[in-house]
Amino acid sequence: MKHFLDIAEISRESLIELLDMTANMAEINRRPVPKVPALRGKVVATVFFEDSTRTRISFDTAAKRLSADVMGFAASASSINKGESIRDTIETLEAIGVDAFVIRHKTGGVPATVTKWSDASIINAGDGANQHPTQALLDSYTIREHFGGQDLTGLRISIVGDVRHSRVARSDIQAFTKLGAAVTIVGPSTLLPSDMTGWPVEVCNEFDSVIGESDVIYMLRLQRERMNSAFVPSLDEYAQRFGLDKSRAKRMRAGSIVMHPGPMNRGVEMCVDPAEIPNSLILRQVTNGVSARMAVLFKLLGAGGIPEDEG
Ligand code: CP
């Protein structure tokens, strides 16, 4: 495996191997000194052309915990503002010395295109509405960690909201179904993709009809920055039909969980404070993001077995 671009390219066996490796990395992260020398001498460049909190910071943390050097790049403070192209930017950073580029861009396909310009490993940190594969890995790991087992067989996962603009939904659906879960996507027709040919999901337009039958309620952010027209009549109407509020949270199946990739729109899709519901794993997802990204970096850049404790 040289690149990590798209869950569609990853077999079920490789996905399970990455989940197992994420568990090993989580064990490292529980140590008093959560650092191993596995990637000493390697350089990881985090190249973000679009804003991020969780993904960028957790990749940065993951690389440092594996003892790699991190080269941070923010487009907003770079020569992109003077007209430099993405290709020239990548080639310039690679001339300094990079083993892996972690790339986020608002346009789908940019990380895959960069593989043609660079000899380094390329990791997709989110490209437009296309893919967010490390989010799918950390989400799958979080669900498996909670319910146990090797994969997600037997679980019913409802993904609720703006599926149309969501790269998280596309990657999660591929990962969850490869791992054996049954997936229902829930939202108004305007926020579902116009063509879902071949999508291995059930579709539902009523949140209330899936609430009591789901093991996982996965809330999606209403992505207003990707909308070029009004997809919902009003935010209030959307919140009433598709927001997770206290009443809906109380009607969830016993033992079920709530997830959200973040950032949340409070009062839109999240109408209850996650801290007030005992079954929210939203911050657990963030914690697990570091372990999942360590697993991906180690898989692409590491040699040999699972890293030993530095002490
Ligand atoms: N989930 C996610 O990608 O969050 P950020 O945009 O903060 O990285």
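## A tour of two domains and a ligand

Domain 1 and domain 2 bury about 2,600 Å² between them, and carbon and sulfur atoms account for 57% of that. Keep in mind as you click around that this is a predicted model.

**Stop 1: colour the domains.** Select 7–132 plus 287–301 for domain 1, then 133–282 for domain 2; these ranges come from the domain assignment. Put a marker at each C-alpha centre and you'll find the two 25 Å apart.

**Stop 2: the interface.** Now pick the residues that touch across the boundary: 33 from domain 1 are in contact with 28 from domain 2. Switch on polar contacts here, and the rule gives 20 residue pairs across the interface, with both partners at pLDDT 80 or more. Which elements give two or more residues to the domain 1 side? Highlight helix 1 (12–29), helix 2 (54–65), strand 3 (100–105), strand 4 (121–127) and helix 10 (282–301). Helix 1 gives the most to this side, with 9 residues. Colour the domain 1 side by residue class and it splits into 14 nonpolar, 11 polar and 8 charged.

**Stop 3: charges across the boundary.** How many salt bridges link domain 1 and domain 2? The count is 3. Side chains of opposite charge can pair when their charged atoms come close. For a salt bridge to zoom in on, show Asp 20 and Arg 144 as sticks: their side chains meet at 3.0 Å, N to O.

**Stop 4: the ligand.** Select the ligand and bring up what surrounds it: Ser 52, Thr 53, Arg 54, Thr 55, Arg 104, His 132, Gln 135, Pro 261 and Gly 262. Three distances are worth drawing.

- From Ser 52, a polar side-chain atom sits 2.6 Å from a ligand oxygen atom.
- Arg 104 also brings a polar side-chain atom to an oxygen atom of the ligand, at 2.9 Å.
- With Gly 262, go to the backbone: an N or O atom there lies 3.3 Å from a nitrogen atom of the ligand.

**Stop 5: a long-range pair.** Zoom out and turn on every salt bridge; the structure holds 15. Then centre on Arg 167 and Glu 50, whose side chains meet in a salt bridge at 2.8 Å, N to O. Which parts of the chain does this pair link? Arg 167 belongs to helix 6 (residues 167–178), while Glu 50 is in the loop between strand 1 (43–48) and helix 2. The two are 117 residues apart, so label both before you rotate the view.

Notes. Residues numbered from 1 in each chain as written. Predicted model: local features only at pLDDT ≥ 70, side-chain atom pairs only at ≥ 80, totals over all residues. Heavy atoms only, no water. Domains from an automatic or database assignment. Contact = heavy atoms within 4.5 Å. Buried area = accessible area lost by both parts, 1.4 Å probe. Salt bridge = Lys/Arg side-chain N within 4 Å of Asp/Glu carboxyl O. Polar contact = N/O pair within 3.5 Å; in protein donor to acceptor, adjacent residues only side chain to side chain. Helix = DSSP H or I, 4+ residues; strand = E, 2+ residues; numbered from the N terminus. Nonpolar A, V, L, I, M, F, W, Y, C, P; charged D, E, K, R; others polar. Near = heavy atom within 4 Å.
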